[in-house]
There are 2 protein chains.
Amino acid sequence: VSRPSAPSRAPATAHDVARVAGVSQSAVSRAFTPGGRVAPDTRARIVAAAEQLGYRPNRLARSLITRRSNIIGVAMGYLENQFYPQALEALSRRLRGHGFQVLLFSTDPGNHADPAIAEVLQYHVDALVLASTTLSSRLAADCKAAGVPVVLLNRTTSASGVCSVTGDNAEGGRTIAAFLAAGGHRRFAFMAGLENSSTSRDREAAFTDWLRANGLPPPQRAVGSYDFAITMQATRDLLKRKSERPDAIFCANDHTAIAVLEVIRHEFGLRVPQDIAVVGFDDVGAARWPSFSLTTYSQPIDPMIDGVVDLITSLLGRDAGRARHLRIPGELVVRGSTRPAPGCREVEGRTVWRP
Amino acid sequence: VSRPSAPSRAPATAHDVARVAGVSQSAVSRAFTPGGRVAPDTRARIVAAAEQLGYRPNRLARSLITRRSNIIGVAMGYLENQFYPQALEALSRRLRGHGFQVLLFSTDPGNHADPAIAEVLQYHVDALVLASTTLSSRLAADCKAAGVPVVLLNRTTSASGVCSVTGDNAEGGRTIAAFLAAGGHRRFAFMAGLENSSTSRDREAAFTDWLRANGLPPPQRAVGSYDFAITMQATRDLLKRKSERPDAIFCANDHTAIAVLEVIRHEFGLRVPQDIAVVGFDDVGAARWPSFSLTTYSQPIDPMIDGVVDLITSLLGRDAGRARHLRIPGELVVRGSTRPAPGCREVEGRTVWRP
């Protein structure tokens, strides 16, 4: 393919493309704008001219005119937990389908994402998605003042103007409590995530409340802070007093449930589920691996990401400023890390508990 | 904190900040440019004025003047393989330390990244990093014409002007062959990744060449395409003919080595390493989990990411257009998935093979 007019440093402009295609400059602009209206044959002429000239529309320059960068800032950390890479891949694909690109910021899961966010705002992103992290109420106010909608994923907040998408943490916590009780367990433990995480708190509260409401003893409590090594140590501490050993451990997520399983089997030589049952939350890929075969309450990635994208598009449209909190339902997926209980059934290739 | 001059839709300009701080507009600009020179007390006055006015410098607008967007496009897929999320997190942090941000593109590992790249070029990125994917020679030429340096991570290419950072695939393949032979193995197999991946090809060629050069039988070959389910099926096919069963399997990466381990143990009831030894490549986090305890040739993330960032900064400076290929050395990390062989030693808390 010959490119007569594309030397390395003097790029073709929309004006050049318009001239060669015999159309207006605004038609060229619409042809390269996601969702822009151009007649099919006009579009074909424009694309052919752009190819011939080596034209690349400058999205950044356009953002100064449209006041839309088509960039969504995503702050995410804790990629060690499979849930987040899975979510990131799905989010990136879905946003791209809507003409958006992802500007990614790594953040520490335990901290506010403020320093990274302050930088991302300089890129005039259209919206912000925060996963595995949170932001201070001050920065939430800054985003609001700047007209940048914020959507939390897998966290929630009462901060004004901030939307969120979470799994059904309360229903999950209650269902796990009821399932373990139905399996005959009486000595419960909860392995908490980060203490400042709404997700871990909501799961624990529902689990504990159900046990109390049903006259069962409250769970022992250990804190793994969502960290593999910290969770292994917390599990050792939990199991070393034989007389008080739990017979069922509910972990704040699958990633740390795997750490708990490893210590139970490989350090204490105990059997799962005969000696201790283990339940996680998320249903990540590794939960299905035969070595773990983890019973877990699912957080279905695709509906959660659909929720994030729907919130973003509606916040950028007529729902600007309206804070909404979406809760995506899950299922208790039953595998080998728990004793059987009545009420299990096969649904779409998985065993789920629907008593 | 009161903000007298920050209404939601009329943002403060650099001019406003300069006026309040009593400095020139170019001092404001330098204060918000990574590496820009400003006296400390001047910077403090500017930051205070910017805080007071709610000023956000527009990085996109600046990119039109400086011809630098400070954005690096990163095309990555296959995030299911822990190596990539680990690399992405490290890359994002290191680039941010150099004043760059990451525009992320999800791509399918088996395909060229061309459609995503064509979009990313519209954002006038300063450079492109491609991981777990590759690009056509046509698009490589387009990037060259546009003056956008390309760095491949964990892949290499002979395309002109494209740089790469890989682990030491050849040394790794040879070392694994020598280690398995030293452990007394004689019936080898190689579980390939994607057939078009330079990484899988380079590992296999070195493994096979070493065996041939040392008078040992060539390995059987199975193809897992870097996919967990496909690798499980390829392992079943490999193991079902008892008479030809391998006693050592080298897998193109750790992610698929785990799939091989799962089938050996949980479907065939065979022991690892007594019946079959398994070796991976990467040394991802899960290789250390006691359930797998995987022997593997390491690809150290931090030096690899340092290499990518060094290449980018030098390509944006005086080394523009010079294609370099960095090969980062690794180690054979010995764990429980292989029989012992003489030559192992403890180094920094790991057992490595240095015969």
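How many salt bridges are there over all chains? In this predicted model, the count comes to 30. Side chains of opposite charge can pair when their charged atoms come close. Let's walk through a few of these pairs.

Start in chain A with A:Asp168 and A:Arg327, whose closest N and O atoms sit 3.7 Å apart. A:Asp168 is found in the loop between β5 and α8, while A:Arg327 belongs to strand β11, so this salt bridge ties together parts that are 159 residues apart in sequence. The two ends have quite distinct surroundings: A:Asp168 is buried, at 13% relative accessible area, whereas A:Arg327 is exposed, at 61%.

Next up is A:Arg221, which pairs with A:Glu195 at 2.9 Å. Here strand β7 supplies the arginine and the loop between β6 and α9 supplies the glutamate, so the bridge joins parts 26 residues apart. Both partners are partly exposed, with A:Arg221 at 42% and A:Glu195 at 43%. This pair also has company, since A:Glu204 is linked with A:Glu195 and A:Arg221 in a network of salt bridges.

Over in chain B, B:Arg335 meets B:Asp283 at 3.0 Å, N to O. Both residues lie in loops, one between β12 and β13 and the other between β9 and β10, 52 residues apart. B:Arg335 is buried, at 17%, and B:Asp283 is buried too, at 11%.

And what about disulfides? There are zero of them over all chains. Take A:Cys251: the nearest cysteine sulfur, that of A:Cys344, is 19 Å away, while a disulfide needs the two sulfurs within 2.5 Å. A:Cys251 is buried, at 0%, and A:Cys344 is partly exposed, at 33%.

Notes. Residues are numbered from 1 along each chain as its sequence is written. Chains are lettered from A and ligands numbered from 1 in the order in which they are written. This is a predicted model: local features need pLDDT of at least 70, side-chain atom pairs count only at pLDDT 80 or more; totals for chains, interfaces and linings use all residues. Side-chain values use heavy atoms; hydrogens and water are left out. Buried means under 20% relative accessible area, exposed over 50%, partly exposed in between (1.4 Å probe, protein chains only). A salt bridge is a side-chain nitrogen of Lys or Arg within 4 Å of a carboxyl oxygen of Asp or Glu. Helices (H or I, at least four residues) and strands (E, at least two) are DSSP runs, numbered from the N terminus.
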